[in-house]
Amino acid sequence: MTCIEPARTATRRTRSNLFAALVGGSAALIGVRVYQSLVSAAVRRSLTEADGVVRGGVTVFDDEIPAVANLDPDLLGALRQAAKDAAGDGVEFIVNSGWRSRDYQEQLLRDAVSKYGSEEEAARWVATADTSSHVSGHAVDIGPAEARAWLSEHGARYGLCQIYRNEPWHYELRPEAIDHGCPPMYADPSQDPRMRR
């Protein structure tokens, strides 16, 4: 046997060990992702209408739906008046999301961190349960596009303002907008000082 043979064997062992480490590390990472998905799915399954989950076709007049019923009364009053007036133009407001429980908001944030890869990037789309205007009942996400367009044009008359440029569906009540127009929008929630509490 020559001196070259042990070197080849050592090289093969190193490659084999490296391959095993990569496979093992990948399997562990996949396992963590699968576990996170299962936990996320289990939590999502346990979220119900009582947490503010909206199943579609809900309007601002659906008092029996917690996502609507738990909205701030002033916000809800403004939304209902705007919806009545929009109906005269053939536009219907659909509530895609309104009030949310803390559990629901925390799940949305976990999902956003998983989707966007970091808490910083997720903060551009989803607030914490402590800072969310949805959890306090002071925000509503409206659809379809025709309703958002109608609110964009007429919402200030009711004090209803789009707050974030990247979320054209998200509206909050700003009563001063009735006289002064809506305030300038934040680029996204991460720019909103209220989100830094």
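These are my notes on the cores and the sheet of this model.

**Entry 1: source.** I am working from a predicted model.

**Entry 2: main core.** I looked up the largest nonpolar core and found 27 residues in it. I listed those with the most contacts inside this core: Leu 79, Phe 93, Ile 142, Trp 150, Leu 151 and Leu 160. Next I asked which elements each supply at least two residues of this core. They are the helices α2 (66-69), α3 (73-87) and α6 (145-154), plus the strands β2 (139-143) and β4 (170-173). I noted that α3 gives the largest share, with 7 residues.

**Entry 3: Trp 150.** I then picked Trp 150 and left out residues up to four places away in sequence. Trp 150 touches Ala 82, Asp 85, Ala 86 and Asp 89. Val 91, Phe 93, Gly 155 and Tyr 158 are also touched by Trp 150.

**Entry 4: second core.** I found a second core, separate from the main one, with 6 residues. Among them are Ala 127, Cys 161, Ile 163 and Ala 177.

**Entry 5: sheet.** I traced an open sheet of 4 strands. The order reads β1-β2-β4-β3, and the pairing is antiparallel. Why is one side of β1 (94-97) and of β3 (160-162) left without a neighbour in the sheet? Both stand at the edges with a single partner strand each, so one side of each has no neighbour there. With direction ignored, I get an average turn of 45° between neighbouring strands.

**Entry 6: β1 and β2.** I counted 3 bridges joining this antiparallel pair. In one of my lookups, Ile 94 had Gly 143 in β2 as its bridge partner.

**Entry 7: α6 on the sheet.** I checked where α6 sits: it lies across β1, β2, β3 and β4. Against β2, α6 runs at about 120°.

How values were computed
Residues numbered from 1 in each chain as written. Predicted model: local features only at pLDDT ≥ 70, side-chain atom pairs only at ≥ 80, totals over all residues. Heavy atoms only, no water. Core = buried A, V, L, I, M, F, W, Y, C linked by side-chain atoms within 4.5 Å. Buried < 20%, exposed > 50% of the residue type's maximum accessible area, 1.4 Å probe, protein only. Contact = heavy atoms within 4.5 Å. Pairing = 2+ DSSP bridges. Axes fitted to C-alpha atoms, helices over the stretch in contact; angles between N-to-C directions.
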